[in-house]
Amino acid sequence: MKYETNLPVPIHRLARSLAVCGLLVAPAAGDRVSAAPLMIANETLVVTYDDAAGSFAVAEKPGGKAFLTDGQLEGKATKAEVEQASDPVFGAGRKIVVTRDEGVSSLELYAKLPFVLIRTERLNPGKEVLDVRRVVPATFTLDLGKPAAELRTLGTGGLLAPDKNPGSYLFLTCADPATRRGVVAGWLTQERGSGVVFSSVKDGRVGFKAQLDHGHLLVPVGARAKLETLAVGVFDDARLGEEHYGDALARQHRIKLRPQIAGHCTWYCGGASDETNIIKLAAVAAKELKPFGFSFVQIDDGWQGGGKFEGPTRGFDRVKPDGPYPHGMQPVAEKIKQLGLTPGIWFLPFARNFQDPEYKDRQHWFVKRADGKPYDTYWGGTSLDLTHPEVQANLTDLVKTIRSWGYDYFKMDGLWTGSATGLTYVNDGYTDDGIGNNAPFHDPTKTNIEVYRDGLKLLRKAAGPDVFFSACNVAQNMRTLGGSIGLVDSMRIGPDNDAGWNAITVGPLRGSRLYFLNGRVWWNDPDPCYVRVEPKHAQFGPSWVALSGQFYLNSDSIPGLPADRLEIMKRTMSPHGATARPVDCFDANLPFVWLVTDTRQPVRRDVLGLFNWENSERTVRYTAAWAGLPKAQSYHAFDFWENKLVPRFAGEFQFKVPAQSCRVIAVRATEGRPLVLSTSRHVTQGMIDVRDEMWDAATGTLSGTSQVVAGDPYELRIAGLADVKLWQPASAGVSPADQAAGVTVTQADGSGLTRVTLRSAVSRDVKWSLKFTAQPLPAGGTAAVTGLKAAMENADAPVMLSWNGSATSYEIRRDGTVIAAEYYDLTYTDDEAPQGKTCTYTVKPLGGGTAATVALTTKASDRPDVSLMKLTPLSATTGWGAVGIGKSANGGPLTLSGKIYPNGLGLHAKAEAVYACQPEWKRFTATAGIDDSQRSDPRASIMCEVIAEDAAGKKQTLAKSPVLQSGKQMQHSFDVPLPAGTAKLYLVVDDAGDGANCDHADWVNAGFRKE
């Protein structure tokens, strides 16, 4: 074993000669030579402690290169020695024990644990109780072989330069984006203290500081208090380091995750809903979505009684008498269970309102501030003293009451109040919240974090082991991040979202930073994904949640969703259980690329999720190796949402992703024979539904088993038909048992792909087999372009080209002019085609092959001569949001019935826009309707009106739409002659008499004609 010369010479000699069972043995305490550094090692790390300098270093093994230097433990050391270590979680190991004036610290290594553990005990040698508020157990400098300016830190505050990071709760990673090599430092425990890691830069090197905030940790005279455990390690891929850290957290806390579930939260589509509509929703969900993984319906804020003070009402032991559930919560839970679903309920466990008359004689229940006033917080209410026996009894009774109603899913909000800290919403990077600025608890020996954890344990004991604990949320105060580990099943890892585009991103932003906790410590809850939004956003949010493998929650009015939106939910809802990683997490605050890899079956499956968070088209380009794909000569690829084979690629891939859109690409290495590239069941395209895929070369048979959902046409997409040989489908069949059960199989062949459809009246595992015959490939390969088509939906739409082919890339010409020199897809959108003209398109495969040509006469425009987009209104008012020029009232695109319009006006009832008219303008034309972002909400209803006014101020109504309503008529077209002398035109949006909730009105292709 060779160590580089930056380690002391005695270390070289000792490291070469002493290694037993993977742990390097240092001299026993009584035999230690004080001049020689102490040293321990395991399979991956070597830790040395320089007694003379009072510092430690950590190096990789093998190689001996120190990545951590100048490590400093708190306080002045008086002696150091090597001892055997024994840990109830990690087993046997070795440790360097450093005795200090303030207590004892240890540097510990254990077999098969790629971290050094830094542990501290605080001693009280004084004559009074020691109050420990804040501790810095360790500081150290990192050496990754790069200057600090080329490194990035990633923590709860995001991806930042090391000197710009405000501090990260729980963990912090420092990595080189060019190689992903990096150091991961994180707190393994937070039983009594809240752990933070800070970064800084000095002399071009990155420094880390590990800090514990206790509030008040009281150490009796002559006693020792164990502080929290810090883990530090170095990894060639820091993502894997974070995952190892997540695994270590799970081991430390002995976490056994409850199964991942999917369901509905009522909050973003009607608050608490009501006892009629919640059952309608549950019934539709049970029928349409339960076979695809839907399992619970959770009622949110608004069901409960109590007085209204700061934040929500808090009478969680009773319903609001005149509220949405006048017959109580138990009958609703029973009906939801009868539908085969789990009923869930929202409440705030750890705070009440000290002003509420029902607590007049219970003021001792509340935490007090240092000045004696109740610890009241914005929105959260007044923190309960969770150490008080009466409070504990009350919480136990409350939980048992809710359980007795039949609720097995708890969404517990405002949890931070249990730690008696302030609201710091939105909390990402470190914020000094003054933890401990409260008077002592009823039990003064408890710290704020300890009280919080004890509160969660109390809730679990009262609820029982079978209740799913959905925690909400760390963004209110990040103290709950580490403090909740091991005690909840899912955790809201970000603030509230909604169905708007900018709000959709808040969950993925935090879920990407904390992806390594998901499926190890708990299920990351990024808040609901929505399908009531415009089509590309409807696919975007659910696809991100599905591929990243995080907690799937919906908050749409499910009974009002059209079939295409239910379809999106069906294809994204089931958890895949595979490995999901962001590819570019050290390059972008919001990663653009995720790779999902499944190695649980005989064949490996990979899916690329490409997410464009930007407002313009983006080309995503990476090497296959950097993305994490297996080494191969080339790869097949299939786009799930486009439902098409895309050109295979070799050493790198390049895909264009439209603005605010996603693409989900199944990828498999070519093997020279047919294989299952994709399926229709789920966006992971085979991971959750296909098993035992096998190829019998002797008979040319591909076989396997697929999980088929009753009544859902299930499609296998077979690629590799022109690999090495030309494979011709000969037959497709299912097992005799499946035939007897009525399962049918059909087959359709296309260029480069065979589609096999299985249908079953009941959900079952279907065994299928596909037989192929082989012929030699035709001379010249298979790169010819075939089936070239050109289409234009209407005058406002672009020309869409589509073709079949197997070339890597193509050249596209219009009327002989190159409009795309190197194009990597099998469809092309020409946004600049001239209108009312015959255009000739040619698509040529690059690298050889036969081109194809097609002609299309484009449609002439039906847009108005003078668009409202080019006019400034004399006045404009809107009942909500902003007057949208070319966009809806919520800032999104103008979208009616699935179509996006670039020209028009977005308003919200009640609204009015007034335009000055010119004499040459003869007609007003427009289509008005409910924006698609609100189309599925039953509250959406509008009536639109066009009113003319002459120079004398006399008004007359020219046209009025019928009531446009969600689920019914959604839009109305106007073509209105303007009376002679019209000076002004009023466009009016009324709320149709039922209130203005969700009344987003779009006027598209709106303007004036001159004839």
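This is a short tour of a predicted model, with stops at its largest pocket, its cavities, some salt bridges and one sheet.

**Stop 1: the largest pocket**

Start by selecting Pro-658, Pro-798, Met-800, Thr-829 and Asp-831, the residues closest to the centre of the largest pocket among the 44 that line it. The volume here is about 1700 Å³. Now colour the elements around you: helix H10 (535–548) and strands E38 (652–657), E39 (662–669), E49 (799–804), E51 (817–823), E52 (827–830) and E59 (899–901) each supply at least two lining residues. Which element gives the most to this lining? Pick out E52, which contributes four residues. If you colour the lining by class, you should find 20 nonpolar, eight polar and 16 charged residues.

**Stop 2: the sheet that holds E39**

Keep E39 selected and add its sheet: six strands form an open sheet in the order E32-E33-E34-E39-E36-E37, with antiparallel pairing. At the edges stand strand E32 (579–582) and strand E37 (644–649); each has a single partner strand, so one side of each is left without a neighbour in the sheet. From one strand to the next, the twist averages 25°. For a closer look, show strand E36 (residues 635–639), which is joined to E39 by five bridges. One pair to label is Phe-638 and its bridge partner in E39, Ala-666.

**Stop 3: the cavities**

Next, go back to H10, which lines the largest pocket and also the largest cavity. The structure holds three cavities of 30 Å³ or more, and the largest of them contains about 100 Å³ of space. To centre your view on the largest cavity, select Ile-504, Pro-528, Cys-529, Gly-541 and Val-545, which lie nearest its centre among 13 lining residues. H10 provides the largest share of that lining, four residues, and helix H9 supplies at least two. By class, the lining has eight nonpolar, four polar and one charged residues.

For the second largest cavity, with about 70 Å³ of space, select Gln-260, Gln-550, Met-573, Ser-574 and Pro-575. Its lining divides into seven nonpolar, six polar and no charged residues.

**Stop 4: salt bridges**

Side chains of opposite charge can pair when their charged atoms come close. The count for this model comes to 57 salt bridges, and a few of them make good stops.

Begin with Arg-510 and Asp-428, whose closest N and O atoms are 2.7 Å apart. Arg-510 sits in H9 (residues 506–513) and Asp-428 in the loop between E27 and helix H6 (448–463), so this pair links parts of the chain 82 residues apart. Why does Arg-510 count as buried? Its relative accessibility is 9%, and the cut-off for buried is under 20%. Asp-428, at 16%, is buried too.

Then select Arg-492 and Asp-527, which meet at 3.1 Å, N to O. Arg-492 belongs to strand E29 (residues 490–492), while Asp-527 is in the loop between strand E30 (523–525) and H10, so the pair ties together parts that are 35 residues apart in sequence. Both residues are buried.

Move on to Asp-300 and Lys-411, a salt bridge of 3.0 Å, N to O. Asp-300 lies in the loop between strands E20 (294–299) and E21 (304–305), and Lys-411 lies in strand E27 (residues 409–412), so parts 111 residues apart in sequence are tied together. Here, too, Asp-300 and Lys-411 are buried.

Finish by selecting Arg-134, Asp-213, Asp-432, Asp-433 and Arg-479, which are linked in a network of salt bridges.

How values were computed
Residues numbered from 1 in each chain as written. Predicted model: local features only at pLDDT ≥ 70, side-chain atom pairs only at ≥ 80, totals over all residues. Heavy atoms only, no water. 1 Å grid on protein atoms, 1.4 Å probe; cavity = no way out; pocket = protein on both sides within 12 Å on 5 of 7 lines; lining within 4 Å. Points joined across faces, edges and corners; volume = space filled by probe spheres on them. Nonpolar A, V, L, I, M, F, W, Y, C, P; charged D, E, K, R; others polar. Salt bridge = Lys/Arg side-chain N within 4 Å of Asp/Glu carboxyl O. Buried < 20%, exposed > 50% of the residue type's maximum accessible area, 1.4 Å probe, protein only. Pairing = 2+ DSSP bridges. Axes fitted to C-alpha atoms, helices over the stretch in contact; angles between N-to-C directions.
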